[in-house]
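Dear colleague,

I am passing on the structure we spoke about, and below it you will find what came out of going through it. Please read the notes with the model open beside them.

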Amino acid sequence: MALIHLTNEAFDKATASGLAMVDFWATWCGPCKMLSPVIDGLADRYEGKVLVGKVNTDEQPELAVRFGVMSIPTVIFLKDGKEIDRKVGVMPEASYTAVLDANL
């Protein structure tokens, strides 16, 4: 599976080139737990094409502040290190695949 857990130290290097989808979440967040299987499935589906990462906002609060994450789950899409879209809350899988497919 291509899913990676990103830290503040590794984030910029991991997302510097290509397309990335990053899920900002926390262990105590119920909606985050609902979204997790969708993110895992997308990591498998887009393996080799898209970096799919997760950022635990409790462990990496600097990244949450940097990206202005005010509620979780928040999924941020980046292309060559720049934010191109974001989805806040639990969305249908098609909401995520539409952004990924349009930017591959």
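To begin with one residue of this predicted model, Phe67 is in contact with Phe11, Phe24, Ile76, Leu78, Glu83 and Arg86, when residues up to four places away in sequence are left uncounted. Phe67 also belongs to the largest nonpolar core, which has 17 residues, and together with Phe11 and Phe24 it touches the most other members of that core. At least two residues of this core come from each of β2 (19-25), α3 (61-66) and β4 (74-79), and the greatest contribution, 4 residues, is that of β2. Apart from this core lies another one, made up of 15 residues that include Leu3, Leu35, Leu42 and Val99.

Val99 leads on to helix α4 (residues 93-103), whose buried residues are Ser95, Tyr96, Thr97, Val99 and Leu100. The elements against which these buried residues of α4 pack are β2, α2 (30-45), β3 (50-56), β4 and β5 (82-88).

As for the sheet, it is open and consists of 5 strands in the order β1-β3-β2-β4-β5, with mixed pairing. Its edges are formed by β1 (3-5) and β5, each of which pairs on one side only, while neighbouring strands are turned against each other by 25 degrees on average, if direction is ignored. Within the sheet, β2 and β3 pair in the parallel sense over 7 bridges, and Asp23 stands opposite Lys54 of β3.

With best regards

Conventions:
Residues numbered from 1 in each chain as written. Predicted model: local features only at pLDDT ≥ 70, side-chain atom pairs only at ≥ 80, totals over all residues. Heavy atoms only, no water. Core = buried A, V, L, I, M, F, W, Y, C linked by side-chain atoms within 4.5 Å. Buried < 20%, exposed > 50% of the residue type's maximum accessible area, 1.4 Å probe, protein only. Contact = heavy atoms within 4.5 Å. Pairing = 2+ DSSP bridges. Axes fitted to C-alpha atoms, helices over the stretch in contact; angles between N-to-C directions.
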